[in-house]
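User: I am new to this structure and would like a close look at a single part of it, the helix packing and whatever lies beside it. Please take me through it step by step, in connected prose.

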Amino acid sequence: MGDHGPPYQHMMQLMAPAMNDASPVNQTLTTVTAVSTQAKEEELEPDDEQSVAEDKKLEYVYCGIDWKPFLPTALVSSTVAGAICVFLIQIPIICRATGMREVALYTTFGVLFLITLGCMMCPRRNMPLSHAFAERLKTRYTINADPGLSRRTRNVSHDIEEGLPQRAHKSRQYDHPIRRYDHYCKWVNNVIGLLNHREFILMVGGFIAIALLGVLMDLWVAILLAEEGSLDAEVAVALHLGYSVALLAVAGPIMKIHFGLISRNELAQEWRSNQHYVANNTSKGDNVYVEELSDDEFNEIFDRGEFIYDKNRNPFDHGFARNCLNFWCKPRWPADSSGNF
């Protein structure tokens, strides 16, 4: 992906609503930076934190209703509805026209939908369910939702009293800091951290696969239906095509951004705070850390897309191959895992 961050950085700022990134949460984080075992915490003032959250909350308020809590339900419902359409309309028509065995397509798409929805169940925190139903699912969702909390335990190097890991941060969703904090995802209503980051990427990849295959199948089926003249099926396929295009438009840029982050072993939180970016041709010279610039110069250079990723500022960047290997293969579930990799 190269060593330059501006294309991703600029896209992150412009596409924040579509990119899972809940600004009210990320802007109210407590940033915890550790040097060796000593942690330093910097927090927004309570009044500032409350005002930021209230301002950003209005982004999802329509007709006096805050729709943000319903986004996970909308995502699950639309995915299930899309799967039903594929199983009942697209697959039978394609198999009838080509002579393919239905069981092969049913199995392929069934596995794809199950993996995608299964990964979504892991990163999410809760759903706007009825109280009784939520109580029945409370244990299950609470267990699967832990993004990597730092808790006080015996014989664990990241005890709160001993200082937090370097990549741990606090979130308004939890009482304890999150190890290897990446970002807050509004689509699953949970923080993405050490224990659910990989599942989040698999989920996004699954949605991209569903969208791409959906577009191809819908176009093919639309041609077949044009010859048969089945109006009901044509309407269903047209709606599914619109869903597939919208899903691809949302999930595609998200995957592109996170692929760049993973290739540099850079977390979204570090990206948003410009921890690893410098700028050239500034009033202070070249290779200047962007946070040392004045506000006006910072904004001017950012608008030109000239922030440069500096690998030397990221101690966790060990090259593309090793970064990807660590992300997918590094053990995360041991109790003493700090997430500093």
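Analyst: In this predicted model, helix α4 passes helix α7 in a left-handed crossing. The two helices, α4 and α7 (residues 197-228), pack at an angle of about 45°, and their axes are 9 Å apart. That angle makes α4 oblique to α7, because angles from 65 to 115 degrees count as roughly perpendicular, those under 35 as roughly parallel, and this one belongs to neither group. On the α4 side the residues that meet α7 are L75, T79, V86, Q90, I91, I93, I94, R96, A97 and T98, while α7 brings F207, M217, D218, W220, V221, L224, L225 and E228 to the contact. Sorted by class, the residues of this contact of α4 with α7 comprise 12 nonpolar, three polar and three charged.

Helix α4, which spans residues 71-98, also packs against helix α8, residues 231-264, at an angle of about 140°, with the two axes 10 Å apart. The helices α4 and α8 are therefore oblique to each other, and their crossing is left-handed. Here the contact is formed from S78, T79, G82, C85, V86, I89 and Q90 of α4, set against A233, A236, V237, H240 and Y243 of α8. Seven of the residues in this contact of α4 with α8 are nonpolar and five are polar, and none is charged. Residues T79, V86 and Q90 of α4 are listed in the contact with α7, and they are listed in the contact with α8 as well.

Following α8 onward leads to another helix, α11. The helices α8 and α11 pack at an angle of about 105°, with their axes 7 Å apart, and that angle makes α8 roughly perpendicular to α11. The residues that make this contact are F259, I262, S263 and R264 of α8, together with F320, N323, C324 and F327 of α11. By class, the contact of α8 with α11 divides into five nonpolar residues, two polar and one charged.

These two helices also take part in enclosing an empty space. A search of the whole structure finds one cavity of 30 Å³ or more, and the largest cavity has a volume of about 80 Å³. Its lining is made up of 13 residues, of which R180, L261, I262, N265 and F327 are the closest to the centre of the cavity. The elements that give two or more residues to this lining are α8 and α11 (320-329). The lining of the largest cavity holds five nonpolar, five polar and three charged residues. I262 and F327, which are among the residues closest to the cavity centre, also belong to the contact between α8 and α11.

How values were computed: Residues are numbered from 1 along each chain as its sequence is written. This is a predicted model: local features need pLDDT of at least 70, side-chain atom pairs count only at pLDDT 80 or more; totals for chains, interfaces and linings use all residues. Side-chain values use heavy atoms; hydrogens and water are left out. Axes are lines fitted to C-alpha atoms, for helices over the stretch in contact, and angles run from 0 to 180 degrees between N-to-C directions. Helices (H or I, at least four residues) and strands (E, at least two) are DSSP runs, numbered from the N terminus. Angles under 35 degrees count as roughly parallel, over 145 as roughly antiparallel, 65 to 115 as roughly perpendicular and the rest as oblique. A crossing is left-handed if the near helix is turned anticlockwise from the far one by less than a right angle, and right-handed if clockwise. Contact means heavy atoms within 4.5 Å. Ala, Val, Leu, Ile, Met, Phe, Trp, Tyr, Cys and Pro count as nonpolar, Asp, Glu, Lys and Arg as charged, and the others, Gly among them, as polar. On a 1 Å grid over the protein atoms alone, a cavity is a set of points where a 1.4 Å probe fits but cannot get out, and a pocket is an open set with protein on both sides within 12 Å along at least five of seven lines; lining residues have an atom within 4 Å of a point. Grid points are joined across faces, edges and corners, and a volume is the space filled by probe spheres set on the points.
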